[in-house]
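Visitor: Could you walk me through this structure with a few questions and answers?
Guide: Gladly, let us look together.

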Amino acid sequence: MSDRARDPPPERTDFEELEDADDLFPEPAATEESGPASLTAEDISTNSNGPKQDSQFDEDPEDLFAEATEEVSLDSPERDVLLSDGPSPAITPITPPTSVITPCLGHDDMFTHSSFDEIEEEEGGDLFDMHIAVSDPEKVGDGMNAYMAYKVTTKTPMSMFKRGEFSVKRRFSDFLGLHSKLASKYLHIGYIVPPAPEKSIVGMTKVKVGKEDQSSNEFVEKRRSALERYLMRTVKHPVLRKDPDVMQFLESSDLPRAVNTQALSSAGLLRMVNKAADAVNKMTIKMNESDAWFEEKQQHFENLDVQLRKLHASVESLVCHRKELSVNTAQFAKSAAMLGNSEDHTALSRALSQLAEVEEKIDQLHQDQANADFYLFSELLGDYVRLITAVKGVFDHRMKTWQKWQDSQMLLQKKREAEAKLQFTNKPDKLQQAKDEIKELDAKVQQGERDFEQISKTIRKEVSRFEKERVKDFKTIIIKYLESLVQTQQQMIKYWEAFLPEARAIS
Amino acid sequence: MMEEVQDVTSALSVHGHNIKVTDVLKDGDTLTFVIVSQKVSGTGEYHVDRTYDDVEWLQQHLFSQEDVPGLHGVIFPPVPAKPQVNVTAKGMKQLGFLGLGEWQPYCKALETFLRQVASHDLLKKNKAVEIFLTSSDPPGRQRVKKNIFNWLSQAMDEMRKEGHKDVDEFFQAQRDQNLVMTGCTKNATERFLEVVLTEQKIAVACGHFSAALHLCVEAGEDPVKQAFSRICVKLSEVLESMKKNMMSVAENNVNTLGLGLDLESRYQEAEKEMLFRRTCKLVELETARRSAEKAKPVKKAAMEEVKKAAESEFDHISRVAKQEIAQFESERVQMLQQALVGWCEQQLLTAKESADQFDRYLQAFRGMA
């Protein structure tokens with residue numbers, strides 16, 4: 001594969017271009033760490049993009065962040081929510097990935113769109129061949145500082161990785177950290193970044209406290225599965241899989257721990273996106289939608305959201321009853337065994353004991369089926385409900401991008417008017433200043449327009465990819481589910497066929 | 001089965017083994033059952049309408065039959081509980097399996113009861129049976145004085161007699177075994193009912209899921225939308241299929257093992273009642289003996305008479321009881337075997353059908369572009 005050869009140059013040249021060009025934003029944010037006061041939903045995603053102009057979107061930060069639940073280190077001092085903590089660690093890896101030039105500080109947003117276009121064009125034939133497994137959950141530490149470490153194994157023939165197969169140990173906050181970095185880099189330019197799995201204080205507390213019971217085992221398994229799906233979705237994305245943070249996450253044996261571990265959960269992100277959406281609505285951005293495609297798609301995703309939630313509720317009900325059936329079957333099996341033991345008639349007694357055994361086996365089948373119901377359908381639907389949130393977020397960003405562009409335009413207009421007035425006064429200094437400002441603003445307006453067009457273009461591509469993936473995903477899961485159904489029935493047949501002669505032999 | 005024609009007037013004019021409850025009609029709060037029986041001589045059938053009141057009438061007459069010594073030793077075929085059209089929670093619990101499935105299982109249970117009564121050597125000669133099965137007028141619509149009913153409920157007050165030690169090893173063993181069996185069988189029946197009720201809930205949940213999938217179908221020419229819609233429609237069919245499978249499984253459970261366990265449970269209770277009646281008679285006998293011993297010469301002859309009567313009754317009861325128990329044991333094993341075999345066969349069939357059905361859907365999905 002010639003990935004390696006082609007990977008670095010686009011980014012390198014882009015950086016060189018941008019550093020020289022005039023269309024650098026005047027304030028490349030040196031600090032990635034933004035205090036809560038200025039962090040709004042908008043800012044979080046445009047960390048280093050012209051900051052303060054978005055203060056109109058300011059919300060009460062406590063409001064926003066109060067809902068971000070914490071998983072680990074309840075004693076951690078920082079209450080801030082951060083999306084990108086410090087410089088991208090890709091800069092200081094122990095074994096630097098050879099194939100990627102790490103971006104400079106504060107230029108996270110400088111992955112320009114054209115470089116992505118090139119990456120995506122490489123992907124034309126969709127040579128996706130990567131498999132990630134999350135396994136071997138292992139409790140590390142004791143008490144409330146304990147955490148679960150998961151083994152992340154990547155198998156890939158892609159040459160951008162050093163080896164074809166490699167494993168690392170990661171904890172949940174690492175996954176959240178990865179997601180927050182990706183979200184800060186890509187969401188605001190229109191890429192649908194898969195949301196990270198949900199946090200759960202209750203679930204994790206049980207695990208920490210050392211309760212080795214079925215519900216905490218189920219919780220760990222549920223989480224493990226969710227983490228695996230999350231990573232697979234992330235690397236399926238042609239652009240994301242080449243991101244240095246992703247690659248470092250998968251490969252590096254020493255991953256700097258996310259400094260502020262109260263990373264946003266996807267639920268927290270959802271709440272924030274909703275709040276931002278509300279804020280947007282309150283501001284009544286009457287976007288002159290020139291493109292019916294976007295209107296239609298937004299409506300489509302609204303509908304899809306509602307439908308998927310309904311489906312999810314149906315499946316949850318099914319899973320619940322299936323588990324109930326398993327419990328009841330087990331109890332019936334016990335009662336049948338007791339009946340068999342008490343029975344005087346020898347052959348009938350034996351048959352009843354066999355009946356008890358059959359019912360126990362059927363109970364196991366019910367449990368397996370309940371797991372299939374859950375891990376296949378319920379989690380799939382849950383994943384997509386969360387994914388659609390990310391999709392909606394991306395549409396919102398487009399609107400904000402449009403708004404920014406419009407604001408710049410209006411400001412430029414004002415400045416021009418002011419300059420026109422200054423022409424008649426004898427203030428050459430002020431006039432010059434005005435002209436300079438106009439020049440800057442003009443560039444900004446043009447950039448704003450380009451940004452808007454680019455995000456629109458990206459979203460179109462992303463939505464198309466997303467929709468195709470959705471169909472594929474559902475089909476794959478349904479096939480797995482049907483396979484489980486067939487298998488269950490075939491097992492049942494075996495059990496009944498074994499029991500029949502026993503029943504016949506009673507007398 | 002050959003009827004012994006002892007007294008022409010008391011022989012049953014219909015066959016006992018093929019009585020059918022062919023239909024059940026709901027009229028407001030009342031259920032009316034249509035009962036069909038085949039004439040012994042010649043061809044021809046009797047069709048009669050009966051309600052539960054009529055069944056109770058029949059039962060009372062069976063209990064109060066006079067010319068049968070040792071009648072109390074009979075294990076009376078257990079009658080199903082009273083069916084309520086608007087069933088309460090307590091009623092549901094009482095009826096158990098018989099309250100399910102639009103009264104079809106109930107009809108089966110009633111049918112079994114009538115067949116057992118009409119085939120029982122001691123009971124079938126009761127004229128009430130003939131009237132019940134053949135008379136065009138429903139016999140039981142007026143309330144009749146209670147006979148053994150009262151006796152039985154009185155006996156409930158004397159539960160302490162239940163533990164009274166027996167004089168006969170066989171009967172003591174029988175009583176001990178019966179105590180264990182009634183408990184186990186009742187427990188198993190209730191647990192199995194829970195299983196069936198949950199299966200029904202799953203069927204309903206599958207139905208909801210299936211309906212929700214239909215809502216996801218979108219019109220439009222967009223090929224992706226069409227593909228997703230196709231998937232939803234197909235999956236909806238799969239869910240319908242799952243629903244039908246679950247319903248079949250539940251039905252099979254009810255119609256075979258459910259009914260079997262229900263009958264076994266009620267029969268064990270009937271045996272328990274018989275054994276209790278005998279025990280009460282034993283207590284009565286022992287009391288009579290003591291009275292006769294202690295009696296002053298004036299009363300002695302009378303007391304001896306009482307004692308002899310009690311002895312005679314007790315002997316009759318014990319004799320009949322022994323026969324009944326032997327009959328009961330063989331019948332119940334046969335009945336349970338039938339239930340278990342039928343259950344297994346039906347579930348096997350359903351599983352095969354479902355496996356085929358699901359496999360076809362699997363292939364269809366695999367082949368979907």
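Visitor: Are A:F374 and A:Y375 buried or exposed?
Guide: This is a predicted model, where local features need pLDDT of at least 70, side-chain atom pairs count only at pLDDT 80 or more, and totals for chains, interfaces and linings use all residues. Residues are numbered from 1 along each chain as its sequence is written, chains are lettered from A and ligands numbered from 1 in the order in which they are written, and side-chain values use heavy atoms, with hydrogens and water left out. Buried means under 20% relative accessible area, exposed over 50%, and partly exposed in between (1.4 Å probe, protein chains only). By that rule, A:F374 and A:Y375 are both buried.

Visitor: What kind of aromatic pair do A:F374 and A:Y375 form?
Guide: Rings of Phe, Tyr and Trp (its six-membered ring) pair if their centres lie within 6.5 Å; planes under 30 degrees apart count as stacked, over 60 as edge-to-face and the rest as tilted. Here the centres are 5.0 Å apart and the planes make 85°, so the pair is edge-to-face.

Visitor: How many residues apart in sequence are the parts that A:F377 and A:Y481 tie together?
Guide: These two form a tilted pair, 4.4 Å centre to centre with 55° between the planes. A:F377 is buried at 3% relative accessibility, and A:Y481 is buried at 1%. A:F377 sits in helix 12 of chain A and A:Y481 in helix 13 (helices being DSSP runs of H or I, at least four residues, numbered from the N terminus). The pair therefore ties together parts whose separation in sequence is 104 residues.

Visitor: Which residue of chain B belongs to the aromatic cluster with A:W293 and A:F294?
Guide: The cluster also includes A:F301, A:Y384, A:F395, A:F466 and A:F474. From chain B comes B:F228.

Visitor: Which helix of chain A supplies the largest share of the side that touches chain B?
Guide: The contact (heavy atoms within 4.5 Å) takes 57 residues from chain A and 60 residues from chain B. Across the interface, B:R332 forms a salt bridge with A:E343 (a side-chain nitrogen of Lys or Arg within 4 Å of a carboxyl oxygen of Asp or Glu), with the closest N and O atoms 2.5 Å apart. On chain A, helix 11 (292-342), helix 12 (346-422) and helix 13 (428-504) each supply at least two residues of that side. The largest share, 23 residues, comes from helix 11.

Visitor: What is the phi of B:W103, a residue other than glycine?
Guide: B:W103 lies in the loop between helix 2 (89-95) and helix 3 (104-119) of chain B, and is buried with a relative accessible area of 8%. Its phi is positive, near 70°.
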